[in-house]
Amino acid sequence: MGRVKYLAMFGLILAMVSMSVPASAQQFEGDKPPHNHMLTTNPFRILFSWWNSEYVYRIADHSTIGLAGSYTTFEDDESDVDAAKTKYLSGYAIYRYYPSIKAPSGFYFGGRLGMTSVELDYLDDTPTEEGTAFGFGLDVGYTWLLGTNQNFAISFGVGATRLFGGDLEDDQAAFLPIIRLVNIGVAF
């Protein structure tokens with residue numbers, strides 16, 4: 001529980017530091033994107049029955065808040081003794097800081113806090129196992145706003161989420177990767 005306390009304190013400090021408005025923000029007035037909202041998803045992951053979607057809202061020239069959701073399934077080979085289908089469903093509140101002061105465009109780093117649900121469905125007669133845990137994560141990435149009106153969004157990012165609490169078994173993964181190979185969407 002000590003690590004969770006330190007991660008929560010780190011997230012709070014990160015949010016407080018990034019909420020201060022930089023004195024140089026006025027010089028970028030003409031360069032900042034004209035949109036406050038962005039909605040993205042990864043169209044390629046949908047082909048593999050995986051999906052993720054993100055909505056972000058610019059709260060300052062250097063910060064966004066938002067919501068992220070994902071659903072992922074993994075299936076083992078049926079010839080394995082413990083063959084199973086694993087499903088992950090998660091929802092997170094996200095905060096991102098953009099050092100370029102051009103949110104939601106450019107390099108960002110941030111945190112996320114939410115929940116992940118895991119369901120392990122064995123292919124034999126073993127009962128299905130289910131569990132839910134809280135999660136705290138960090139991620140980094142880059143977003144481009146393209147087009148004449150800067151309303152076409154492309155985003156890449158990576159990170160990790162640490163699961164804690166809840167009713168997941170001890171042998172479940174304690175960390176989940178965050179992989180945004182390419183999210184495509186619209187800024188409005």
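How do the residues of the lining of the largest pocket divide into nonpolar, polar and charged? The legends below take up this point after an overview of the chain. The model is predicted.

**Figure 1. The chain and its order of helices and strands.** The chain of this predicted model has two helices and eight strands. Followed along the sequence, these elements come in the pattern α-β-α-β-β-β-β-β-β-β. The chain has 188 residues, and 38% of them count as buried.

**Figure 2. The largest pocket and its lining.** The volume of the largest pocket is about 510 Å³. Its lining is made by 22 residues. Those that lie nearest the centre of the pocket are Arg 45, Ser 70, Thr 72, Pro 177 and Ile 178. Five strands each give two or more residues to the lining: S2 (51-60), S3 (63-75), S4 (84-97), S5 (106-122) and S8 (175-187). The largest share belongs to S8, with six residues. As for the question at the start, the lining holds 10 nonpolar, eight polar and four charged residues.

**Figure 3. Ile 178, a residue of strand S8.** Ile 178 is one of the residues nearest the centre of the largest pocket, and S8 is the strand in which Ile 178 lies. Is Ile 178 buried or exposed? Ile 178 counts as buried, because its relative accessibility is 9% and the cut-off for buried is under 20%. Along the chain, Ile 178 and Asp 139 are 39 residues apart, and 7.3 Å separates their C-alpha atoms.

**Figure 4. A nonpolar patch on the surface.** The patch has an area of about 680 Å². Its residues are Phe 107, Val 140, Tyr 142, Trp 144, Leu 146, Phe 152, Phe 156 and Val 158. Strands S6 (129-146) and S7 (152-164) are the elements that give two or more residues to the patch. The largest share comes from S6, which gives four residues. Phe 152, one of the patch residues, is found in strand S7. With a relative accessible area of 37%, Phe 152 is partly exposed.

**Figure 5. The loop between S4 and S5, with Ile 101 and Pro 104.** Most peptide bonds are trans, and most residues other than glycine have a negative phi. Which two residues are joined by a cis peptide bond? They are Ala 103 and Pro 104, and omega of this bond is about 5 degrees. Pro 104 belongs to the loop between S4 and S5. Ile 101 is also placed in the loop between S4 and S5. The phi of Ile 101 is positive, near 60 degrees, although the residue is not a glycine. The relative accessible area of Ile 101 is 6%, so this residue is buried.

**Figure 6. Gln 150 in the loop between S6 and S7.** Gln 150 is not a glycine, yet its phi is positive, at about 50 degrees. The loop that holds Gln 150 runs between S6 and S7, the strands that give two or more residues to the nonpolar patch. Gln 150 has a relative accessible area of 26% and is therefore partly exposed.

Key: Residues numbered from 1 in each chain as written. Predicted model: local features only at pLDDT ≥ 70, side-chain atom pairs only at ≥ 80, totals over all residues. Heavy atoms only, no water. 1 Å grid on protein atoms, 1.4 Å probe; cavity = no way out; pocket = protein on both sides within 12 Å on 5 of 7 lines; lining within 4 Å. Points joined across faces, edges and corners; volume = space filled by probe spheres on them. Nonpolar A, V, L, I, M, F, W, Y, C, P; charged D, E, K, R; others polar. Patch = residues over 30% accessible without salt bridge, like charges linked within 9 Å, V, L, I, M, F, W, Y side chains within 5 Å. Areas by Shrake-Rupley, 256 points an atom, 1.4 Å probe, with all protein chains shown as cover. Salt bridge = Lys/Arg side-chain N within 4 Å of Asp/Glu carboxyl O. Buried < 20%, exposed > 50% of the residue type's maximum accessible area, 1.4 Å probe, protein only.
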